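Good morning, colleagues, and thank you for your time. I should like to take you through one structure, beginning with its helices and then turning to its aromatic rings.

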Amino acid sequence: MELAGKKKIISGALTLGAGAMLAKVLGAIYRIPLTNLLGSYGLGLYQTVFPVYTVLLDFSGAGVPSAVSKIISSESGENIEKTAYDYLRCSLRLLFFLGVISTAIMAIFSPLISRLQGNDSATLAYVFLSPAIFFVSIISCFRGYFQGLMNMTPTAVSQVVEQVIKLVFGLIAVKLLMPNVTLAVAGATFAITLSEIAGALYLYIEYRRRKKIHGLRFNFDKSKFIPRAKKVIKTTVPITLIGIMLPLSHVADSFIIVNVLKTYRADATSLFGLLSGAANTVINLPVALCYGIATVAIPAVSSAKDKSDKKRNAVRTIALTFAVSLPLALSCFTFAPFIIRVLFRSLSLAERQTAVGLLRALSPSIVFLSLLQTENAVLIGKGKLYLPIISLSIGVAIKITLSLILLKNPLLNIYGGAIAVNACYFTVCLINLIITFATKKVKDADKRA
C-alpha cells in the first residue's frame, strides 16, 4: 500500500513536472526570438503588465485548482465521480462572474495602472491581455476537477497547448507589428489570450471525452449548490491569499524597481526587463519541474488516512523537491554565461553580462522557491490553510523593504532586487519548514486563525 502511494505521488509529479517543464522550455524558446524582435526595452514593457495580470488571475480563481483538488481528494466512497462533477459545476458557476469582473477591471483601469508604473505605453497591452483572465478562471475549474481525481495529464497537456499557441501567434503578431514596439507588445499579449482560449477548449473536450469513456451521466443537484459553494469559497479564499502574496510582491517590483532606478539610470525599464524577463525566465524553468511535486502534494497529503501517512507523504514530497532543485540551481549558477548567450543572443555585451550576473545571483532562489511551493502545498493538504499566509506576508515585507533600501544604492542597482528576492524566498521557506513539522501549539494557532 505504501509502495503504491509512493508510486502514485512520483507518477503524478513526473507527469505534471514534465508538462510544466516542457511548457516552460517552450516559453523560454519563445523568449529568444521575442527578445530579438522587441529588444530589452520592449521586453521590459512586455514584462510590466504581468504582475498586475497575475494578481487579478489570483482574485478571479487561480487558487481554485488547489482548492477543488483538495476537496475532491478528501472525499471517499463510491460516489467520488459524482462528487467531483458537482464541485466542477459549482466552481464553474462561481468563477464565471469573477472572471468577467476581473477582466473588466483590468481593461477599464489599464491607463491608470500603466501611468502609475511609469510606462504609459503598456496600456494597450493590458487591454489585449484582459480577456485571458476570464478563460483562466474556466481553466482553473477543470484543472481542479482532474487533479482531485489524481489525473494530472489534462493539466500537463493544457499547459503545453497554451505555450504552443502563444509561441506561434505571439511571434506572428510581433513580426507583423514591428517596428512599432507598443503595438507589437500588445500583439504578443493578445496571443496569450488566444492561448488561454485554446487551453480552456482542450480541457472541456477532455472532460467530455472522460464522461463518454466512463459512461458518466450525472444531474447537477441544485439543492446542494449553496453548501458546496460555501465549501469551495471557504477553501479557495485562504489558498487564493497564499497564491496572491508573491504576485503582489511582483506588482510592487513593477512599481518600485523602474521608478527607483529612473532616479539615477536612464535604462531602468531595460534593467527591469533583464531581471524579470531574462533571469527570472530561466529561473522559472527548473522551478517548473518541481511544480508537479507541489501539485501532487495536495491530494497526496489530504487523502492520507491518518497523521503518520500525511507526515510520510509530506516528507517524501519535500525531500524529492530538494533532491531535484539543488542540482538544477548549481547548474544554473555554473552555466549562466552559456545559458544567457544561447537564449538571448540579441542582447548587447553589457546587457548579457548583467543578465549573467542576475541569473547567478538568483540561482539560490531555485531551491528556496521550489521548496516554498511544495511546503505550501503540504500545509494546504494538511488543512493548515492560513499559516502559509503569515510566512508569505513576512517574506514579502522583507522583500519590499530590502528593495526600497538596496535599489537606491547605485553600486548595487538592479542587483538589489535580486538580493531582496533571495531573502524573501529563504525566509518563507524556513518558516514553512518549521511550521510543517511543528508541534501542537502551531496546530492550535491555525485553528484560532
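**Helices and rings in the model**

Let me begin with helix α10, which covers residues 225–261. With 37 residues at 1.5 Å a residue, α10 should span 54 Å, and its end C-alpha atoms are 51 Å apart, which agrees. The helix nevertheless bends by about 30° at M245, and a proline, P247, follows within four residues. Please keep in mind that what we are viewing is a predicted model.

A comparable check can be made on helix α4, residues 80–108. Its 29 residues should span 42 Å at 1.5 Å a residue, and the distance between the end C-alpha atoms is 42 Å, in agreement. Helix α4 also has a kink, of about 25°, centred on L95.

Allow me now to step back to the chain as a whole. It contains 18 helices and 0 strands. Of its 449 residues, 55% are buried. If we take the contacts with a separation of 6 or more, 85% of them are between residues 24 or more positions apart. The accessible surface of the chain is about 18,800 Å², and carbon and sulfur atoms contribute 68% of that surface.

I turn next to the aromatic rings. A pair of such rings is described by the distance of the centres and the angle of the planes. In this chain, the count of aromatic pairs comes to 9. One of them joins F96 and F134, with 5.3 Å centre to centre and 85° between the planes, an edge-to-face arrangement. Which parts of the chain does this pair link? It links distant parts: F96 belongs to helix α4 and F134 to helix α7, residues 131–148, with the two positions 38 residues apart in sequence.

Are these two residues buried or exposed? F96 has a relative accessibility of 38% and therefore counts as partly exposed. F134, at 18%, counts as buried, because the cut-off for buried is under 20%. F134 also pairs with F135: the ring centres are 5.2 Å apart and the planes stand at 80°, so this pair is edge-to-face as well. F135 itself is partly exposed, with a relative accessible area of 23%.

Elsewhere, ring pairs connect F142, Y145, F146, Y204 and Y207 into a cluster. The ring of F333 has a different kind of partner: R360 lies over its face, at 5.3 Å from the ring centre.

Two further residues deserve a brief mention. S130 sits in the loop between α6, residues 123–129, and α7. Its relative accessible area is 3%, so S130 is buried. Leaving aside residues up to four places away in sequence, S130 touches T103, M106 and A107.

The other residue is V157, in helix α8, residues 153–177. V157 is partly exposed, its relative accessible area being 32%. Where does V157 lie with respect to G199? The two are 42 residues apart in sequence, and their C-alpha atoms are 8.7 Å apart in space.

To close, I return to the two helices discussed at the outset: α4 is kinked at L95, while α10 bends at M245. Thank you for your attention.

Definitions and conventions
Residues numbered from 1 in each chain as written. Predicted model: local features only at pLDDT ≥ 70, side-chain atom pairs only at ≥ 80, totals over all residues. Heavy atoms only, no water. Buried < 20%, exposed > 50% of the residue type's maximum accessible area, 1.4 Å probe, protein only. Contact = heavy atoms within 4.5 Å. Areas by Shrake-Rupley, 256 points an atom, 1.4 Å probe, with all protein chains shown as cover. Expected span 1.5 Å × (residues − 1). Bend = angle between axes of the 7 residues up to and from the residue. Phe/Tyr/Trp six-rings, centres within 6.5 Å; stacked < 30°, edge-to-face > 60°. Lys NZ or Arg CZ within 6 Å of the ring centre and 35° of its normal.
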